[in-house]
Amino acid sequence: MDSIRVFAGDCTVSFEGSRDRTQRGRVVVVAKPDRTVLVHDAAGYQPVAWLTRADSLTVESGPGSFGLVARAGDQTLTVESNDVAGRAEYPASDAGVPVGSHPDTGDPLVRTNGAVVALDSGTEYRLPAGATVLDETCGDCGLPLMRVERGASFEVCIDRRCDPLDDRVKDRFDGEWSCPDCGSPLRVIRRSGRLLAGCDAYPECETAFSIPAGVVVDDCDCGLPTFETGRGRRCLDSTCEGR
């Protein structure tokens, strides 16, 4: 798991770049896993010096001192301790919306950055675009269920190995539509990480359409299905102007 390093003491802080400045005081220095460095004093909520997502971060820590240099482009943040009050390292993770706990370990689960993540172990369950995590749990493994729209609304486990969304979409729509170019069935396939309705005559016919996040509500003038999505109605063929 990633960790946040914290240093405290009487420090000289220098910033070179867009806002050249040198300060000294008793401060707390926070170095985050993404190489963001924040220097806080006693006043206000905003750090007195900072560098976000530095290109490089060097930390030197001895028995009675510490030093830090962060660089991003032509900007440099330097912290040198004059007197050390303390230092520590703490495990850290992304914070997200609580969605339950892991059925086997009791590890808290949160939704963050397009995934459900177990806070302690870091186990990650990536979510499809547009997925809604439900309060209900999977009857097989006990993890939360999610609702995903891919032609129809499906409720499946967040662990795709337990209850694959692709299998549900295939069962419902595989061969349901015809290729507008050659008339062959459109098969539900996954290619390059995308769920597609691809022509069964491939590679002779390379027609394929990405299945959008939405439900089928009608037939388009071109013969393909029309989807109701979060951005309105659209044909399976995103280039089609019909509805």
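This is a walk through the structure in your viewer, one selection at a time. Keep in mind that the model is predicted.

**Stop 1: colour by domain**

Start by giving residues 3-91, 97-169 and 174-235 their own colours; these are domain 1, domain 2 and domain 3. Now draw a line between the C-alpha centres of domain 1 and domain 3: the distance is 53 Å.

**Stop 2: residues 3-93**

Select 3-93. The unreviewed UniProt entry annotates this stretch as "domain: Endonuclease NucS N-terminal PH-like". Switch to cartoon and look at the secondary structure: 70% of the stretch is strand and 0% is helix. Pick the C-alpha atoms at its two ends and you'll find them 8 Å apart.

While you're in this part of the chain, click on Arg35. You'll land in the loop between strand E2 (21-31) and strand E3 (37-40). What is there to notice about phi of Arg35? The angle is near 70°, a positive value, and the residue is not a glycine.

**Stop 3: the largest pocket**

Next, put a surface on the model. The largest pocket has a volume of about 370 Å³. To centre your view on it, select Met1, Asp2, Ala92, Ser93 and Asp94, the closest to the pocket centre of the 20 residues in the lining. Two elements give two or more residues each to this lining, strand E10 (115-118) and strand E11 (124-126). Which of the elements gives the most? That's E10, with 3 residues.

Go back to your domain colours for a moment: domain 1 and domain 2 each supply at least three residues to the lining of the largest pocket. Colour that lining by residue class instead, and you get 8 nonpolar, 7 charged and 5 polar residues.

**Stop 4: the sheet behind E10 and E11**

Stay with E10 and E11, and bring in the rest of their sheet. Four strands make an open sheet here, in the order E8-E9-E10-E11, with antiparallel pairing. Strand E8 (97-101) and E11 are the edge strands; each has a single partner, so one side of each has no neighbour in the sheet. Look along the sheet and you can follow the twist, which averages 25° from one strand to the next.

Zoom in on the antiparallel pair E10 and E11, joined by 3 bridges. For a landmark, pick Val117 and look across to Glu124 in E11, which stands opposite.

**Stop 5: the second largest pocket**

Move on to Ala129, Arg150, Gly193, Leu195 and Ile211. Of the 13 residues lining the second largest pocket, these are the closest to its centre. This pocket has a volume of about 240 Å³. Which domains should you colour to see what the lining draws on? Pick domain 2 and domain 3, as each gives at least three residues. By class, the lining of the second largest pocket has 7 nonpolar, 4 charged and 2 polar residues.

**Stop 6: the three-stranded sheet**

Now select E15, E16 and E17, which form an open sheet of 3 strands in that order, with antiparallel pairing. Strand E15 (186-191) and strand E17 (208-210) sit at the edges, and each pairs on one side only. On average, neighbours in this sheet are turned by 30° against each other, direction ignored.

Show the backbone of strand E16 (residues 194-199) alongside E17 and you can trace 3 antiparallel bridges. Leu196 is a handy place to begin, with Ser210 in E17 standing opposite.

Then follow the loop between E16 and E17 until you reach Pro203. What kind of peptide bond joins Tyr202 and Pro203? The bond is cis, with omega about 10°.

**Stop 7: E13, E18 and E19**

For the last stop, select strand E13 (residues 144-151) and strand E18 (residues 214-219). This pair is parallel, over 2 bridges, and Gly151 stands opposite Val215 in E18.

Now add strand E19 (residues 225-229), which pairs with E18 in the antiparallel sense over 5 bridges. Gly214 stands opposite Thr229 in E19. Together E18 and E19 make a hairpin, with 5 residues between the strands. Finish by clicking on Gly223 in the turn, where phi is positive at about 100°.

Note on methods:
Residues numbered from 1 in each chain as written. Predicted model: local features only at pLDDT ≥ 70, side-chain atom pairs only at ≥ 80, totals over all residues. Heavy atoms only, no water. Domains from an automatic or database assignment. 1 Å grid on protein atoms, 1.4 Å probe; cavity = no way out; pocket = protein on both sides within 12 Å on 5 of 7 lines; lining within 4 Å. Points joined across faces, edges and corners; volume = space filled by probe spheres on them. Nonpolar A, V, L, I, M, F, W, Y, C, P; charged D, E, K, R; others polar. UniProt positions renumbered as here; feature names shortened; annotations may be inferred. Pairing = 2+ DSSP bridges. Axes fitted to C-alpha atoms, helices over the stretch in contact; angles between N-to-C directions.
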